[in-house]
Amino acid sequence: MEYKPVSELQRILACLPEAITDAFNQGQPANYIPALAEVDPKRFGMAVSTVDGEDFTAGDAREMFSIQSISKVFSLSLAISHMGEELFQRVGVEPSGTSFNSLSQLEYENGIPRNPFINAGAIVVADALLEYVSSPKQDFLSFVRGLSDNIDIHYDESVFRSEFDNGQRNTALANYLKSFGNLKNHVSRVLDFYFYQCSLSMSCLDLARAFRFLAQDGRHPFRNESVVSRLQARRINSLMMTCGTYDEAGEFAFHVGLPCKSGVGGGIVAIIPGKMSICVWSPELGAKGNSLPGMRALEYFVKQSGHSVF
Ligand code: DON
C-alpha cells in the first residue's frame, strides 16, 4: 500500500471518531482505582506527532488524563539511560501472557518479573532508578516535562491517594519482590515513587510529543541530545510490541502491528519508527485493561494511513 502524504493524516484523524462509533459502550473505565472511575467514559482524543515536528489532533487531544502504565515506558527509558543492560539482570524481556498485576507468575519465577511493563517489573525498575536519581519525583517529572516540552504537566494528588489507599495488590507484589531480594529500597519508598509515576496527568498531544524519541532512534524530540541510544530505543520499541499491552499483546500485534503501551486511564501510545508517534485516549477498557475504542482507533489509523512496521 502507498503511504499517504502527511496532510492526509489530519483528514484520517478527522474521520476517526465517526468511523469507530461501534467501539464505544462495550467496556468500562477502570474502577479498582476509584479516582479513575470518575472520568467521563465517552471522552475520545487522539494526537500524532511526526519526526518532522508536525502535530495533528482530533477530539479531546488536549485534555489531561491519568497516564497510569504509560509511565512505565518513561521509567524504563530513564533507567536504561542510567544503567543500560544491567537492568535486565533483575527483570526479564518475555511477554507475560498473564494480567498486569499477576502475583502467581512472580512466585513461579522466583521474584524476577517477566518484563518491565507488568506492575512487578515496573516496581523493580522504580527501585533501580532510586539508586540513580537524587530527587526521584522531581527528576522523573522534569524528564517527562522535557520530553513533552510542557512545564504544565503535574501529578494528580487524588489519583495518587486513591491508588495508595487501594494498592493492596501492588503492595503484595512489592513485598514479594522484597522477599526474593529483588527490591533494594524499603517497600513503601518504592511504591510511593511507582504510584507517583502512574499518577501523572498528560494529554494525547503531550504523550505523542514525548514519545517521539522512540520514533527517531532515541533522539530527544526538542533538544539536540539523545534520550537513549539507537539500540536502546529499538529494544524499548520491541518490548512495547511484545509486552506493552499485557496479555492482549498478540491481538495488538495482529490488528495494529505497532509497538504500543497502554494505561488503565484509557491511553495508548504507539510508535511508527522513523515516522511518528501516536497517542489515543478513551476510558472504556476491555477485560485485559486496554482501551477498546483506543485499540480500534489505532487499527483504523494504520489501515487508512498504510503505515506499519511489517
Ligand atoms: O499499578 C497499577 O495497577 C496502575 N497504576 C497501573 C496499571 C495499568 O495502567 C495497566 N495498564 N493497562
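Let's walk through this structure, starting with its ligand and moving on to its strands. Keep in mind that you're looking at a predicted model.

First, find the ligand. It sits in the largest cavity, with 16 residues surrounding it. The closest of these are Tyr32, Gln68, Ser69, Glu163 and Tyr194. What kinds of residues make up the shell around the ligand? Sorted by class, you'll find seven nonpolar, seven polar and two charged ones.

Now zoom in on some polar contacts. Take Tyr32, one of the closest residues: an N or O atom in its side chain lies 2.6 Å from an oxygen atom of the ligand. With Val264, the backbone does the job instead, as one of its polar backbone atoms is 2.8 Å from a ligand oxygen. Gly289 also offers a polar backbone atom, this time 3.2 Å from a nitrogen atom of the ligand. And how much of the ligand does the protein bury? On its own, the ligand would expose 340 Å², and the protein buries 100% of that.

Next up, the strands. A bit of background helps here: strands in a sheet pair up through backbone hydrogen bonds, and they can do so in a parallel or an antiparallel way.

Look for the open sheet of three strands, which has the order 3-5-4 and antiparallel pairing. Strand 3 (65-66) and strand 4 (154-155) are at the edges with a single partner strand each, so one side of each has no neighbour in the sheet. Strand 3 pairs with strand 5 (residues 200-202) over two bridges, in the antiparallel sense. You can spot this pairing where Ser66 stands opposite Ser201 of strand 5.

Finally, go to strand 1 (residues 45-50) and strand 2 (residues 55-59), which run antiparallel and are joined by five bridges. Here Gly45 has Gly59 in strand 2 as its bridge partner. These two strands form a hairpin with four residues between them, and in this hairpin Gly53 takes a positive phi near 90°.

Methods
Residues numbered from 1 in each chain as written. Predicted model: local features only at pLDDT ≥ 70, side-chain atom pairs only at ≥ 80, totals over all residues. Heavy atoms only, no water. Near = heavy atom within 4 Å. Polar contact = N/O pair within 3.5 Å; in protein donor to acceptor, adjacent residues only side chain to side chain. Areas by Shrake-Rupley, 256 points an atom, 1.4 Å probe, with all protein chains shown as cover. 1 Å grid on protein atoms, 1.4 Å probe; cavity = no way out; pocket = protein on both sides within 12 Å on 5 of 7 lines; lining within 4 Å. Sits in = over half its atoms within 2 Å of the grid points. Nonpolar A, V, L, I, M, F, W, Y, C, P; charged D, E, K, R; others polar. Pairing = 2+ DSSP bridges.
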